[in-house]
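Trainee: I should like to go through the terms applied to this structure and see how each one is justified. May we take them in turn?

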Amino acid sequence: MSWGTELWDQFDNLDKHTQWGIDFLERYAKFVKERLDIEQNYAKQLRNLVKKYSPKRPKDEEPRFTSCLSFYSILNELNDYAGQREVVAEEMAHRVYGELMRYSQDLKAERKHHLQEGRKAQQHLDHCWKQMDNSKRKFERECREAEKSQLTYERLDNDINATKSEVEKAKSQYYMRTHMADESKNEYAAQLQNFNGEQWKHFNNAIPHIFKNLQGMDERRTVKLGETYRSFAEAERRVIPIVSKCLEGMVSAAKAVDERRDSAIVVESFKSGFDPPGDFPFEDFSQNLSRTGSDGTISNTPKGDRDRDGAPGSRPDPKHATSKTKNKLWLFGKKPKAPSLEDFSHLPPEQRRKRLQQRIDELGKELQKEMDQRDALNKMKDVYEKNPQMGDPNSLQPKISETICNMEKLRSEIHKNETWLSEVEGKQGSRGDRRHSADNHHHTPQGRESPEGSYTDDTSQEHHTPHHRSTPAKPGPPNPDPHEFDDEFDDDDPLPVIGHCKALYSFDGQNEGTLVMAEDEVLYIIEEDKGDGWTRARKQSGEEGYVPTSYVEITLEKNSKGS
């Protein structure tokens, strides 16, 4: 249905309608702008949320639990999802909002042009109508004047008293007015014919053409709105496959949570390698009492049991046993923090072994990189030697020497750590062998067993530790066995005091068989360092245990040296 034929007289209403159409298009563009702002803010908030809850520690320090890894996977998927929301916003901004704003400007310019043409055509028709109306009014005036002159002439012509000159003058006036009326009539007729022709052209050619252009413009506006509606939906639908993959990734991360794996990681992470404390032996304090045949209530313990449980050579120090048990119970409280050492001797055996193995692997990777770099430099040097114009082969020698030096350092580090690792693995194996030997009552007859599990006969060492205020390296942790000290107590009397020491640093005594001490605390020395870095001491309260020799300042009694 054409606007030109049906709405030929609705120029003003079409003017208002086309303006409403452009306003509606701009209103929809504003809606799209607010929607894409929401998408951008949503994506920004999601990214900030992911950043807030993403791990900030180095990757090596992050927990390896499947629940944590799954949560980090969900964060990654959510970050990708936020990226898709940004894609939606960009699509809407480029394909919908930007297109609408450009099209709105084009519509405004086109509408303005068509309306100007319509107004010009209307002004031309109005001008033709005014010319026709003026000629009509002139014709009307001339006719009235001709009629008056005719009446005057007829009156004088019939008047017998009128002179001939008056009659002739009235007659000539009459003829003149009649001629002027005829000319006005012809002019009016011509103007009327011209106006009718222009009016026909206006309503049959100009206005239909202009209205047809306005109709086409309005229809294109409607089509453009439909296309942008579709683009608006396509921007959302285009990211649905990737969004679905993000959601599937989240579901897969949820399925990857394995409680048994997490429990195994807990064991692997915190396993110390120590054995649980053994049973407390029976301590028979009635051995020194006189027994008579009638006194049968002193002890009902069989003789064999008394010999095994209460013999002087095998009775452990209850205070020492208490010290060992106390130092094993840190698992149920807050673990004391030990100083970090290069050989990880502050860690339990199992954890120390893992850390050493990890360091060896890392050093091995670095060594491989240095070896690859050395090979590459040697190849480049060969190329330079064969083609001197490409470069000076001697310029590569410093770099090759530096790489070889780095390789030697890394090999030295690897060897040192492998030595520590072998030491740890050897101690773990020897501790199991000693426990098996102790359970079968096969004790080493000679020498004393050091806290490290090695045997020595050297008892003549004397230590005088200088004052150093920085905490020294701590020796490897002693690993006493429940039966380890059985042959160190040859009688009921405790070991004699051979000196005293002053604690230079505090020691938390977290390992089994060690003794907790505070800085500046004074202890009694009951056994010298056997070369393993540990000295056996006794507190004033009677509690005994081992302390690092480098942590104390020792003063031995002159008359007890070598006792």
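Mentor: Let us begin with K33, bearing in mind that the model is predicted. K33 has a relative accessible area of 31% and is classed as partly exposed.

Trainee: What makes K33 partly exposed?

Mentor: Buried requires a value under 20%, and exposed a value over 50%. The 31% of K33 lies in between, so the residue is partly exposed.

Trainee: Which residue forms a salt bridge with K33, and why is the contact called that?

Mentor: The partner is D37, and the closest N and O atoms are 3.1 Å apart. The criterion is a side-chain nitrogen of Lys or Arg within 4 Å of a carboxyl oxygen of Asp or Glu. At 3.1 Å the pair satisfies that limit, so the contact counts as a salt bridge. D37 is itself partly exposed, at 26% relative accessible area.

Trainee: How do you know that D37 and K33 are separated by about one helical turn?

Mentor: Both belong to helix α2 and they are four residues apart, which means a separation of about one turn.

Trainee: Where else does such a spacing occur with a salt bridge?

Mentor: In helix α3, R144 and E140 are also four residues apart, and therefore about one helical turn. Their side chains meet in a salt bridge with an N to O distance of 3.1 Å. R144 has a relative accessible area of 41% and E140 one of 44%, so each is partly exposed. In helix α10, residues 397–439, E413 and K416 are three residues apart, again about one turn of the helix. Their salt bridge has an N to O distance of 3.3 Å. E413 is partly exposed at 29%, as is K416 at 27%.

Trainee: Which residues are joined into one network by salt bridges that share partners?

Mentor: The network consists of R35, E39, R85 and E236. By the same distance rule, the count comes to 28 salt bridges.

Trainee: Why are α2 and α4 called roughly parallel?

Mentor: Two packed helices are described by the angle between their axes and the distance between the axes. Here the axes of α2, residues 11–53, and α4, residues 164–237, come within 11 Å and cross at roughly 15°. Angles under 35 degrees count as roughly parallel, so this pair qualifies. The crossing of α2 past α4 is left-handed.

Trainee: How do the residues of that contact divide by type?

Mentor: The contact of α2 with α4 has 15 nonpolar, four polar and five charged residues.

Trainee: What makes C128 buried, and C68 partly exposed?

Mentor: C128 has 3% relative accessibility, which is under the 20% limit, so it counts as buried. C68 stands at 22%, between the limits of 20% and 50%, and is therefore partly exposed.

Trainee: How many disulfides does the structure hold?

Mentor: The number is zero. A pair of cysteine sulfur atoms would have to lie within 2.5 Å to be called a disulfide.

Trainee: Where is E154, and how far is its C-alpha from that of A170?

Mentor: E154 is placed in helix α3, residues 66–158. E154 and A170 are 16 residues apart in sequence, and their C-alpha atoms are 8.5 Å apart in space. E154 has a relative accessible area of 37%, between 20% and 50%, so E154 is partly exposed.

Key: Residues numbered from 1 in each chain as written. Predicted model: local features only at pLDDT ≥ 70, side-chain atom pairs only at ≥ 80, totals over all residues. Heavy atoms only, no water. Axes fitted to C-alpha atoms, helices over the stretch in contact; angles between N-to-C directions. Helix = DSSP H or I, 4+ residues; strand = E, 2+ residues; numbered from the N terminus. Left-handed = near helix turned anticlockwise from the far one by under 90°. Nonpolar A, V, L, I, M, F, W, Y, C, P; charged D, E, K, R; others polar. Buried < 20%, exposed > 50% of the residue type's maximum accessible area, 1.4 Å probe, protein only.
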